[in-house]
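User: I am new to this structure and should like to be guided through it by questions and answers. Please show it first.

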Amino acid sequence: MQLTNRKVVVSNKVQSFAERLYLPAIAKGMIITASHLFKKSPTINYPEEKRPIAPVYRGLHVLKLDENGAERCTSCGMCAVACPAEAITMTSGERKKGEENLYREEKYAATYEINMLRCIFCGLCEEACPKEAIFLTDRLVDVEFERNDFIYGKDKLVEKVNERIDVTPRQTPEVLEFKKIPGLKHNELFDPKKLNKGHH
Ligand code: SF4
Ligand code: SF4
């Protein structure tokens, strides 16, 4: 049975003395090696130099605050259910009177953790979130020496009021169009300008 149409013609030509010493093959190899000396090195001197990455790169998550600085997450658990790596855990708290400036909804995430060693940065948590609360960013997860240090809590995930993380590049026209689908009514209020008010 014939598997492919590929064939090689075998030459029975007697090799010259130089060919038997591999001289032409060595010379050919040296020419290839020397040609690389004049090419631009592909090496990036990280961390001084950073490779440009796509605006929609999926890196370290951020838990967003709303335009008033209150946490958007309502601890619904949708992100945890959607997560194929079971990397997200949380516990819920009930907002008390006077905490409206801290938490946008009556129910909020008292604790929220992502295990960065489990996470595969698929972005499904971002897609599942009905509150526009979690986004992946172009930031990288820090290098750590202890496994426990890769479990990121709210202290590392929630953005700081004065250091907003710009997620507008993730809202491409296609994404905004997608969010107009009636089944995604929860995203109707989305306004990138408002969401990122004061962002850089
Ligand atoms: S990016 Fe994917 S794997 Fe990581 S926490 Fe979100 S859903 Fe889970
Ligand atoms: S981040 Fe979004 S999906 Fe996850 S618990 Fe909070 S509101 Fe729900």
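User: With which residues is Cys79 in contact, leaving aside its neighbours within four places in sequence?
Analyst: The structure is a predicted model, in which local features need pLDDT (the predictor's confidence in each residue, from 0 to 100) of at least 70, side-chain atom pairs count only at pLDDT 80 or more, and totals for chains, interfaces and linings use all residues. Residues are numbered from 1 along each chain as its sequence is written, while chains are lettered from A and ligands numbered from 1 in the order in which they are written. Two residues are in contact if their C-beta atoms, placed from the backbone, lie within 7 Å. Beyond those sequence neighbours, Cys79 touches Ile88, Cys125, Ala128, Cys129 and Ile134.

User: Which element gives the largest share of the largest nonpolar core?
Analyst: A nonpolar core is a set of buried Ala, Val, Leu, Ile, Met, Phe, Trp, Tyr and Cys residues joined through C-beta atoms within 7 Å; a residue is buried if 20 or more other C-beta atoms lie within 10 Å of its own, exposed if 12 or fewer, and partly exposed in between, with C-beta atoms placed from the backbone. The largest such core has 22 residues, and Cys79, Ile88 and Cys129 are among those with the most contacts inside it. Two or more residues come from each of strand 1, helix 3 (78-82), strand 3 and strand 4 (134-136), where helices (H or I, at least four residues) and strands (E, at least two) are DSSP runs numbered from the N terminus. The largest share, four residues, is given by strand 3.

User: Which residues are the closest to ligand 2?
Analyst: A residue counts as near a molecule if its C-beta atom, placed from the backbone, lies within 6 Å of it. By class, the shell around ligand 2 holds 10 nonpolar, three polar and one charged residues; Ala, Val, Leu, Ile, Met, Phe, Trp, Tyr, Cys and Pro count as nonpolar, Asp, Glu, Lys and Arg as charged, and the others, Gly among them, as polar. Of the 14 residues that surround ligand 2, the closest are Cys73, Cys76, Met78, Cys79 and Cys129.

User: How many charged residues are in the shell around ligand 1?
Analyst: Ligand 1 is surrounded by 14 residues, of which Cys83, Ala85, Cys119, Cys122 and Cys125 are the closest. The shell divides into 13 nonpolar residues and one polar, and the number of charged residues is none.

User: Which strands stand at the edges of the open sheet of three strands?
Analyst: The order of this sheet is 2-3-5, with antiparallel pairing. Strand 2 (88-94) and strand 5 each have a single partner strand, so one side of each is left without a neighbour in the sheet. Strands pair if DSSP finds at least two bridges between them, and strand 2 and strand 3 have seven. The edges are therefore strand 2 and strand 5.

User: Is Phe121, with its positive phi, buried, exposed or partly exposed?
Analyst: Most residues other than glycine have a negative phi. Phe121 is not a glycine, yet its phi is about 55°, and its place is the loop between strand 3 (107-115) and helix 4 (124-128). Because it has 16 C-beta neighbours inside 10 Å, Phe121 counts as partly exposed.

User: Which element has the lowest mean pLDDT?
Analyst: The chain averages a pLDDT of 88, and 91% of the residues score at least 70. Strand 5 (residues 151-152) has the highest mean among the elements, 98. The lowest mean, 50, belongs to helix 7 (residues 192-195).
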